[in-house]
Each structure stands twice: as structure tokens, then as C-alpha cells.
Amino acid sequence: MPNECDTPTHGEEIEAMVTEAMRLIGLRCFADARSLVERIEGFDPVNNWGAHARIHLHIDEGSLDEGATRGIAHLTATDPFEGINVHNAMHLATTLLDLGRVDESVAWQERVVVPVAETMPMQYPSATHLLWRTEVAGHGRASGRALPWEVLVRPGATALHGPDDAPDPLEAIAHAMAWIANGDGARREALLGALMHRGLKDSGQPGATANDTTVAQIVEGLYRWWEGDFAEAAAALSAAHSGFGALTQYPGQLAAIEATLDDARARAQGALMEAVPK
């Protein structure tokens, strides 16, 4: 009797194999997924979708060093601006940051991830959240490095087209990150005002009001963190924490926010300890 990790014996088309590899990765059947990814590479060693499956394999499996090595090799041998490679570059930059290879991560962010976010809306939230994670990890302004935040401020963008629109939560937060980093208080306040307006009325959208409150608390927490008010940042983000799960089904997309909360709590606690008389 076949089990859920079995791979099909037919349909050798690369697209079908990539789909199956991603299914296996989702099931954490890593050995089977690796075999299938290697089969894809046997058909086409530089297939961009095959590289996408491979980097997901290494991220989920935890083999980040191999993932970085393979990712760099693929994006060096192919055009990093072509199709799914843009997304592959984001995963590579994230992996390098997780490995502590900061200069390489920032180089990929500055070369590919951030510039394409300006013209590819689907890449905007992930690029912005990754740049914020880089800041929280201490590799931006805290280290004297000026990260390319100005590129991520879109002229005329408000994250909400109107006061009654339902924003994509991660996109709204991403816009707020860019506005905070660039000192654009007017648009940050406009977003908060729109969220409050929606939160005070029945929008008729199940869960929308709760999400609006969570997003508003997150934006306030991010702003407080940027300004160095770590106790206030921790309070706002802690208040929002119970609503994180409703924002996305992929917890990894909240990594920048979780990292900000952890950092704010640690800094606030450190400040309290320093204030205790010796």
C-alpha cells in the first residue's frame, strides 16, 4: 500500500516533479524530496524552478550551509532577475542572514531583492520584511551601514486605497516599515488612522476588525522600536502577538516582527536591570 511520501513513477515533466517535490517538502519527507530535486537537476541542471524547490528543501530541512552554496551557484550561473529567480534570491539572502554571512546577504538584497521590489508588487513585502530583519539583527544603522530603505518608499503609496479597504496585512506592515525607516510620519499616521476608522465600524468582513487592530499595534510597536522606546515597543508587539496567526498561514513571514518583539523585550529588560541599584 503506497504511503504519502511515495513519488509517482510517471510524469517526468519538470513542472510536475517540482510540484511533487514541494509537496514532499511540505510533508517533511526530505529524503524523498532530495531524490526528486536531484532528478530534476539531472534533466535540467540550471532550471530555476528546480532551484526554487532545492532552496525550500534546505530551508525546511535546516541544511542552510548547503542551501547557501547551491543558491549562490545557481544564481551566479543564471540570470537572478529572471522569473522565480527573484524569489530564489530573496530566499538566498535570508539564508545568508540566518548563517551570519551578513555582507553577502546585504549584497544580494541590494543587488536583486530590493530593486525588484520596486517594480514587482508580489516581492515587496518579503523584501521589506527582510531588510527590517537585517536592521533588527544589528546590521543596518546600528553598525553604521545605510540600508537602501529609500528604494522601498513608493510615491503616492498609502497601503490602503481608501478608508474602507481591507489591506493585505503583510503589505501594509511592509509599507509602514519603509515609512518608519525613512522618517515619513505622515503616511504612517495616515495608515494608523485608516485602521482605527475600520476598527470602529462594522466592515462586514469576518476577522477584518481584529486584523486591523493587530496591524495597528504592530505598526506602533515597530515605530517605537525604531525610535529606541523598547519598553513601549515590547508592550505594543506583545499586545498584538495573539493575533499574529490570523495574518498569514506561513509563520516564517512574521520573522521580522517576531525578531523585533524579541529584541525589544531583551533591550527593555536590560534597561531595567541597569536601573537597579548595585
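Which residue forms a salt bridge with Arg224, and how many Å apart are the closest N and O atoms? The partner is Glu220, and the gap between the closest N and O atoms is 2.8 Å. Please keep in mind that this is a predicted model.

**A pair within one helix**

Arg224 and Glu220 both sit in helix 10 (residues 208-226), and because they are four residues apart there, about one helical turn separates them. Arg224 is partly exposed, with a relative accessible area of 27%. Glu220 is also partly exposed, at 24%.

Salt bridges can share partners too: Arg34, Glu41, Arg54, Glu61, Glu66 and Arg70 are joined in this way into one network.

**Salt bridges across the chain**

The whole structure contains 14 salt bridges. Three of them are set out here, with the N to O distance for each.

| Salt bridge | N to O distance |
|---|---|
| Arg224 and Glu220 | 2.8 Å |
| Asp103 and Arg145 | 2.9 Å |
| Arg34 and Glu66 | 3.1 Å |

Take the side chains of Arg34 and Glu66, which meet in a salt bridge at 3.1 Å. This pair links distant parts of the chain, with Arg34 in helix 2 (residues 30-43) and Glu66 in helix 4 (residues 64-77), 32 residues apart. Glu66 counts as partly exposed, its relative accessibility being 28%.

Now for Asp103 and Arg145, whose side chains meet at 2.9 Å, N to O. Asp103 belongs to helix 6 (residues 102-117), while Arg145 is in the loop between helix 7 (124-136) and helix 8 (169-181), so their salt bridge ties together parts that are 42 residues apart in sequence. How do the two partners compare in exposure? Asp103 counts as exposed, at 56% relative accessibility, whereas Arg145 is partly exposed, at 26%. The value for Asp103 earns the label "exposed" because it is over the 50% cut-off.

**A buried histidine**

Is His58 buried or exposed? With a relative accessible area of 1%, His58 is buried, because buried means under 20%. His58 is placed in helix 3 (residues 48-61).

Leaving aside residues up to four places away in sequence, His58 touches Arg34, Ser63, Leu64, Glu66, Gly67 and Arg70. Among these contacts, Arg34 and Glu66 are the two residues whose side chains meet in the 3.1 Å salt bridge. Arg34, Glu66 and Arg70 also appear among the members of the salt-bridge network. His58 therefore combines burial at 1% relative accessible area with contacts to residues that include Arg34, Glu66 and Arg70.

Notes. Residues are numbered from 1 along each chain as its sequence is written. This is a predicted model: local features need pLDDT of at least 70, side-chain atom pairs count only at pLDDT 80 or more; totals for chains, interfaces and linings use all residues. Side-chain values use heavy atoms; hydrogens and water are left out. Helices (H or I, at least four residues) and strands (E, at least two) are DSSP runs, numbered from the N terminus. Buried means under 20% relative accessible area, exposed over 50%, partly exposed in between (1.4 Å probe, protein chains only). Contact means heavy atoms within 4.5 Å. A salt bridge is a side-chain nitrogen of Lys or Arg within 4 Å of a carboxyl oxygen of Asp or Glu.
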